[in-house]
Amino acid sequence: MTEVVLPRIVLGHNAFFGVDHLSSQRGAERAAYFSDVANVMTVIASAVDSGAGGLMLSTHPRAVSICEALRVDTFLGSNLEVFPLLPYAQKYVTRANELGLVRVVTQTLAAASTRDKVGLGLDFARTIYRRDPLDMVRALMRLELRMFRKLNVSTVFLHDAIAALNLPEVFSLYESTLRRRFGTAAGIATKNLSLLVRRFQEWGMELPVVLTHVNKVGFHVNPSQEEYEKALAHPELAVMAMGTLASGYLNPEEAYSYVNAFSSVKSIVVGASSTAHMRATFGSITASKT
Amino acid sequence: MTGLRGAVVGFGKLGLLHAGLANGLPNSRLAAVVESSAVIQRVVRQYFPDVNVFSRVEELIEARQSDYVIVATPTGSHVSIAEKLVEASIPVLIEKPLSLNAQEAQPLVAALNRNWVPNMVGYMGRYIDTFHKAAQLLHRSVLGKIQMVRSSMYVEQLLKPGEGWRYDPATSGGGVLITQNSHVIDKLLWMFGDITGVLGNTSQLVSRLVEDHVHAYLEFSSGAVGFIDASWSARHFRTPTISIHAQGTNGTLDVDDDEVRLFLDNSIGETSSGWTTWRKPDLYRPVPLDIGGTQYTLQMIDFLEAVTNRSDLDSNVASGLKTQLVIDAVYESARQGGTRVDVGTLVS
């Protein structure tokens, strides 16, 4: 079992980047407000004050300035664990529409600043020339993770395609690169929890920390509520739960009395954009745990 | 290994997604990939040793290893590839849009007339839970006679000139109208029936060769009228955002990716009068495997079922052709300075 101690409450990043699974318009409005990193930092500080111990942060272009602000703020920098989520898919999807997948990867590597290239000690030119997919994955990971340097990071989450596509070798590469190069554990985000648990068993590999939707209405839960609740009961599973309020569809009390009933749920990601909202939500998590 | 043997032609972003579904859904497996890029060929060979890799679709057909094929190449090659597959009696799922224009799709239509096989055009937006619900309501005629339809599609994709095949009309067929907005036209035809006439205007905000904004007035055969407004250079839209509003003699319906809002004067069956709202969590349909959104999985499940039963699908080459005819008419109207153009008279 993965020996990672996760903070019980982790602040979600969606509001900062305009992701809103219930309302695109609300998402866009929040993205505008949070384009000022000072507004983001106010929410983060107030989250820590209200009991959050972690921050989920995808490698969205705007995350760079949030990381910079966290490095400057030594109190937050040391009291908050950052959980990177790789990659910020929309960034690549939009560019892949234009260029195709291979060119997106090679251009991303080629466009890395000289300082990054020297700092990472990578021979990018060789990676691009050889076009070895594993080299590329390694180089991309190092580039994407560069923004988190000197922050408090113990686990890095990867988007799910690896398990969905049944690629154990890629997960091994990812896991070993994180462990050796960054000294962090590998986590995985998934909308297919029961499939993921089954695949890791088939591969004979230790289950990573899993970031997945847990809510009583089954929103983004596959293939069925029953199957996924069975998977959640796996004794070796450590889950960071997301989507617990089903994008604001459930009220915190009913949401967390359901989520807290699963002992595999070690940690809960909560999206919040105001102090009052956070106090209420975080309070329900703690209250329903007793 | 059992199940239908699938092949994917064009292993880009969508090809990868389809391949994952072909390999992960019950009763199907990925047997072959056709891809011209040497890098991608190497990746597939390395990670999917059971999958055959070909450079050309002719080699795939000759190998006789596929029960169905997904065509996910740039638009300009859809027809010639699909035509060969149909001639070889292999069911096809063709990514949207069907073709560069309606005329260009004619050889494929003719091939299907000679030798019908299950065929689908990948307008996956029909499988998004909210639009699926809206279409169900509209197909039950809850709004009465439709009078007016407003629709829009916005995304912040392009704020400076783009590069690549999508911005070259020779391979893409055009700009935002034929790319993301073809989803809207497909949905309008599916929900409200045929469009008979259009007045269109296109404009270039940042691109040199293709349009970045389109506005079109639409006349439906039912007598309803409406419009489309679409741009891929629209700020504040992180992902493509489609909204449709319809007004009928018995009420109104609003649908987007987030919810369906219905207002009825009089109850219809179990649907009561007044306001009813369905939000995404109300409508969520679980799937065996979600890779890039449940809509792709639900689409694939329907396609696999049609392949097994040799049955027809709602979104097929015939419906895809209707979408192309509307797109052609809007482009033609825009070329003529916005005069009214009949839909469907441009192709013999």
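# A walk through chains A and B

Let's start with a single pair of residues: Val92(B) stands opposite Asn119(B), which sits in strand S6 of chain B. Keep in mind that you are looking at a predicted model. The pair belongs to a parallel match between strand S5 (residues 92–95) of chain B and S6(B), joined by four bridges.

Zoom out a little and you'll find those two strands in an open sheet of six, ordered S3-S2-S1-S4-S5-S6 in chain B, with parallel pairing. Strand S3 (52–54) and strand S6 (119–122) of chain B form the edges, each pairing on one side only. Going from one strand to the next, the twist averages 20°.

Helices pack on this sheet too. Take helix H1 (residues 13–24) of chain B: it touches strand S1 (4–9), strand S2 (28–34), strand S4 (68–71) and S5 of chain B, and its direction makes about 145° with that of S2(B). Helix H4 (residues 78–87) of chain B also packs on the sheet, and there the contacts are with S1, S4 and S5 of chain B. The direction of H4(B) makes about 175° with that of S5(B).

Two spots in the loops here deserve a look. As a rule, most residues other than glycine have a negative phi, and most peptide bonds are trans. Asn27(B), in the loop between H1 and S2 of chain B, has a positive phi of about 65° although it is not a glycine. Then, in the loop between S5 and helix H5 (106–114) of chain B, you come to Pro97(B). The peptide bond leading from Lys96(B) to Pro97(B) is cis, with omega near -15°.

Now step back and take in chain B by domains. The domain assignment gives domain 1 as 4–125 + 293–313 and domain 2 as 127–287 + 323–342. Between the C-alpha centres of these two domains of chain B there are 26 Å. How many residues does the contact take from each domain of chain B? Domain 1 of chain B gives 19 residues and domain 2 of chain B gives 20 residues. On the side of domain 1 of chain B that touches domain 2 of chain B, the residues divide into nine nonpolar, nine polar and one charged.

Staying in chain B, follow helix H8 (residues 181–192), which packs against two other helices described here. Two packed helices are described by the angle between their axes and the distance between the axes. The axes of helix H6 (residues 129–139) of chain B and H8(B) come within 9 Å and cross at roughly 30°. That angle makes H6(B) roughly parallel to H8(B), because angles under 35 degrees count as roughly parallel. From H6(B), the contact uses Phe131(B), Ala134(B), Ala135(B) and Leu138(B), while H8(B) brings Lys187(B), Trp190(B) and Met191(B). By class, the residues of this contact of H6(B) with H8(B) are six nonpolar, no polar and one charged.

The other partner is helix H11 (residues 317–335) of chain B, which packs with H8(B) at an angle of about 115°, with the axes 9 Å apart. H8(B) and H11(B) make a right-handed crossing. Here Ser182(B), Ile185(B), Asp186(B) and Leu189(B) of H8(B) meet Ser319(B), Lys322(B), Thr323(B), Val326(B) and Ile327(B) of H11(B). Sorted by class, the contact of H8(B) with H11(B) has four nonpolar, three polar and two charged residues.

Time to move over to chain A. What do its eight strands close into? They form a barrel in the order S1-S2-S3-S4-S5-S6-S7-S8 of chain A, with parallel pairing. The twist from one strand to the next averages 30°. For one pairing, look at strand S2 (residues 54–58) and strand S3 (residues 81–86) of chain A, parallel over five bridges. Leu55(A) has Val82(A) in S3(A) as its bridge partner. Helix H12 (residues 168–182) of chain A packs on the sheet, touching strand S4 (155–158) and strand S5 (185–190) of chain A, and its direction makes about 140° with that of S5(A).

Our last stop is helix H13 (residues 193–203) of chain A, whose axis comes within 8 Å of that of helix H14 (residues 225–232) of chain A, crossing at roughly 45°. H13(A) and H14(A) are therefore oblique to each other, and the crossing is left-handed. Leu193(A), Ser194(A) and Val197(A) of H13(A) meet Glu227(A), Tyr228(A), Lys230(A) and Ala231(A) of H14(A). In the loop between strand S6 (209–213) and H14 of chain A sits Pro223(A), joined to Asn222(A) by a cis peptide bond with omega of about -10°.

Key. Residues are numbered from 1 along each chain as its sequence is written. Chains are lettered from A and ligands numbered from 1 in the order in which they are written. This is a predicted model: local features need pLDDT of at least 70, side-chain atom pairs count only at pLDDT 80 or more; totals for chains, interfaces and linings use all residues. Axes are lines fitted to C-alpha atoms, for helices over the stretch in contact, and angles run from 0 to 180 degrees between N-to-C directions. Angles under 35 degrees count as roughly parallel, over 145 as roughly antiparallel, 65 to 115 as roughly perpendicular and the rest as oblique. A crossing is left-handed if the near helix is turned anticlockwise from the far one by less than a right angle, and right-handed if clockwise. Two residues are in contact if their C-beta atoms, placed from the backbone, lie within 7 Å. Two strands pair if DSSP finds at least two bridges between them. Ala, Val, Leu, Ile, Met, Phe, Trp, Tyr, Cys and Pro count as nonpolar, Asp, Glu, Lys and Arg as charged, and the others, Gly among them, as polar. Domain bounds come from an automatic or database domain assignment.
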